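Dear colleague,

Please find below the structure we agreed to hand over to you. My notes on it follow directly after.

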Amino acid sequence: WQARLNELVDKYEPDLMWFDFGWGRHQAFEPYQQQFAAYYYNQADRWGKQVSLIYKGDDLPKGAGLLDVERGKLDRLWPDLWMTDTTVFKDTWGYVEGAPMKTVDALLHDLIDIVSKNGTLLLNIGPKSDGTIPEDQRAVLRGIGTWLKANGDAIYGTRPFLAYLDGETIRYTRKGNTVYAISLERPEGEILLKEMKESKLGGLRVKTVRLLDGGAEVKWEEKPEGLLIEVPSDLPGSRAWVFAIELEGLGFDQPSVRLEHRVEGVAVFAYSQVRNFTDKEQVFDSYVFLNGSRQGSVCRVKIAPGESADVRFEHRDQNHYKAKHLLLTDVESSVNTIAVGREKPESYPAVFAFPSIPMIGSWKFKQGYQPEWIQPGFDDKDWQSANVPGRWPLGNDTQGQTGCFRRTVRILDSWKGRDLHMNLGVIRDEDNVWVNGVKVGEKSYEEVEFHFSYEIHKFVIPQEAVRFGEQNVITVKVTDHEGRAGLVGPPGFITVAPDAE
């Protein structure tokens with residue numbers, strides 16, 4: 001195995017080595033896997049070129065290669081570059097006469113969504129035995145190429161924005177000081193970009209807004225709730241419309257925060273970046289703000305035009321520099337916002353609520369479904385106990401194979417006035433979710449031939465659905481399509497949503 005791979009590397013100097021499932025699943029492979037990875041990367045260094053070693057699942061340690069998701073996508077913005085491999089066909093990889101094709105829109109929307117989440121797309125086609133590419137496949141590729149010719153700046157060389165989506169149809173990418181808002185559906189009238197509101201831009205301001213296809217400027221207005229764009233009636237193009245939003249000023253990213261429990265309290269370590277979208281070098285002091293009040297020590301920043309710089313507040317061993325520890329002392333029932341900025345908080349804050357409510361553990365379960373089961377006053381004492389995460393046999397009724405999970409949690413009164421986030425992990429296969437009888441989310445079933453990445457289901461619980469200071473009932477109706485249903489998780493927590501005022 002290793003000899004064949006080394007031969008391929010030496011003869012052909014491949015830019016990419018792609019591995020399917022299996023090569024990292026057997027312990028006997030591990031030393032040869034390590035030796036091959038080292039050989040390939042060392043050879044690439046001698047060639048003076050960058051290469052990629054592709055793996056699936058946990059076949060390689062994080063950072064040792066490029067994670068691949070076959071015929072699927074990650075459900076969130078990922079911190080490291082990753083890849084989707086898929087095909088132009090609906091249900092095959094190679095050429096089959098008459099095989100149904102995916103549409104240009106379906107593939108283009110996948111490409112945009114993947115890139116917005118820090119991914120890249122490897123797209124397969126199926127030539128005939130004589131090497132020719134059939135016209136139906138050529139038409140799909142030309143359709144994608146036509147869009148890229150007009151809007152490629154929103155894809156090529158871009159990085160993710162602070163958020164990857166806005167509502168159901170907007171995806172974001174970024175290049176330098178330009179953010180690209182890509183509407184997957186044709187926009188009409190006005191669109192409100194909530195992720196572009198001033199409080200989320202960390203000190204940056206909107207300078208111009210234009211259509212990427214053709215470059216025409218459009219009317220816009222910064223409002224407290226977001227950036228309002230007036231959509232021209234004569235939009236060029238026929239799919240995926242792109243608004244290029246140029247930013248200016250100094251902008252702080254939302255901080256990444258690490259908490260460390262100590263005897264005297266919880267120590268806070270905050271890390272962020274600041275971007276200089278001005279035409280001058282900037283030198284300034286930055287600070288961390290806890291619940292709107294400046295805390296800890298100063299971080300001096302010097303940053304050239306068009307560049308970014310790290311902002312770090314870590315005070316573990318800096319007492320000899322007179323650094324001030326940042327400590328949280330009330331962690332029993334508190335909500336804390338942590339932001340960075342200069343004389344005032346400028347970044348979008350990170351929010352930490354104590355204590356987080358874990359969704360892992362014991363739930364109640366009953367086969368089937370009845371509408372009264374979602375109500376908080378329903379008596380479920382005769383239901384079975386079900387451990388989550390896990391799979392569970394579902395019953396048969398007129399709505400298919402269904403079952404219901406219920407759990408009661410107490411939500412603190414100190415969280416009052418805030419929307420909440422709930423992470424239930426992976427739910428197989430179709431679900432509806434209620435809190436105190438109020439529906440907060442649902443997911444339909446989509447059958448995919450090879451689906452190795454399942455969506456982690458997160459919900460926003462609106463504050464009007466919550467009984468603060470009391471017990472709250474969560475009900476999940478699950479419908480089975482593949483015989484492996486349940487709250488297969490692992491689930492996360494209920495906590496305070498960052499958007500809370």
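G63 is located in the loop between β2 (52–56) and β3 (66–70). With a relative accessible area of 71%, G63 is exposed. Its C-alpha atom is separated by 9.5 Å from that of L81, although the two residues are 18 residues apart along the chain.

Please bear in mind that this is a predicted model. The protein chain has an average pLDDT of 89, and 92% of the residues score at least 70. Among the elements of the chain, the highest mean pLDDT, 98, belongs to strand β8 (residues 178–183), and the lowest, 49, to strand β25 (residues 395–397). Residues 448–453 have a pLDDT below 50, yet this stretch has 15 contacts in the model beyond near neighbours in sequence. Where pLDDT is low, the predicted coordinates should not be read in detail.

Turning to the interior, the largest nonpolar core comprises 33 residues, and W415, M422 and V476 have the most contacts inside it. Strand β27 (residues 420–428) supplies the largest share of this core, namely four residues. Apart from its neighbours within four places in sequence, M422 is in contact with residues including M359, V433, V435, V440, F459, I461, I474, F493 and I494. The contacts of M422 also include H457 and K458. In soluble globular proteins, nonpolar side chains tend to be buried together.

As to charged pairs, the count comes to 27 salt bridges. Three of them are described here.

The first topic is the pair K11 and E7, whose side chains meet in a salt bridge with an N to O distance of 3.2 Å. The two residues are about one helical turn from each other, because they stand four residues apart in helix α1 (residues 2–12). K11 is exposed at a relative accessible area of 54%, while E7 is partly exposed at 41%.

The next pair is D113 and K117, which form a salt bridge with their closest N and O atoms 2.8 Å apart. Both partners are buried: D113 has a relative accessible area of 3%, and K117 has a relative accessibility of 5%. D113 and K117 also belong to a network of salt bridges that links them with K73, D110 and R171.

The last pair is D153 and K175, with a salt bridge of 3.9 Å, N to O. D153 lies in the loop between α4 (135–151) and β6 (165–166) and K175 in strand β7, so this salt bridge ties together parts of the chain that are 22 residues apart in sequence. D153 is partly exposed, with a relative accessible area of 42%, and K175 is likewise partly exposed, at 29%.

What of R174, which has its place in strand β7 (residues 170–175)? R174 is buried yet takes part in no salt bridge. The nearest side chain of opposite charge, that of D253, is 6.7 Å away, whereas a salt bridge would require the atoms to be within 4 Å. A polar atom of the R174 side chain does lie 3.4 Å from the backbone oxygen of G176. Leaving out residues up to four places away in sequence, R174 touches T158, R159, P160, F161, V179, Y180 and R275.

A second arginine, R410, is found in strand β26 (residues 400–410). R410 counts as partly exposed, at 45% relative accessibility. R410 and I357 are 53 residues apart in sequence, but their C-alpha atoms are 8.5 Å apart in space. Not counting residues up to four places away in sequence, R410 touches I357, G469, E470 and Q471.

Finally, some points of backbone geometry deserve your attention. Most residues other than glycine have a negative phi, and most peptide bonds are trans. The peptide bond from V388 to P389 is cis, with omega near 5 degrees, and P389 is in the loop between β24 (384–388) and β25. A cis peptide bond also runs from G489 to P490, again with omega near 5 degrees; P490 is in the loop between β32 (486–487) and β33 (493–496).

Positive phi values occur at two asparagines. N118, in the loop between α3 (104–116) and β5 (119–124), has a phi near 80 degrees and is buried, with a relative accessible area of 5%. N436, in the loop between β28 (430–435) and β29 (438–443), has a positive phi of about 55 degrees and counts as buried at 11% relative accessibility.

With kind regards

Technical notes. Residues numbered from 1 in each chain as written. Heavy atoms only, no water. Buried < 20%, exposed > 50% of the residue type's maximum accessible area, 1.4 Å probe, protein only. Lys, Arg positive; Asp, Glu negative; His and termini not counted. Polar contact = N/O pair within 3.5 Å; in protein donor to acceptor, adjacent residues only side chain to side chain. Contact = heavy atoms within 4.5 Å. pLDDT = per-residue confidence, 0-100. Core = buried A, V, L, I, M, F, W, Y, C linked by side-chain atoms within 4.5 Å.
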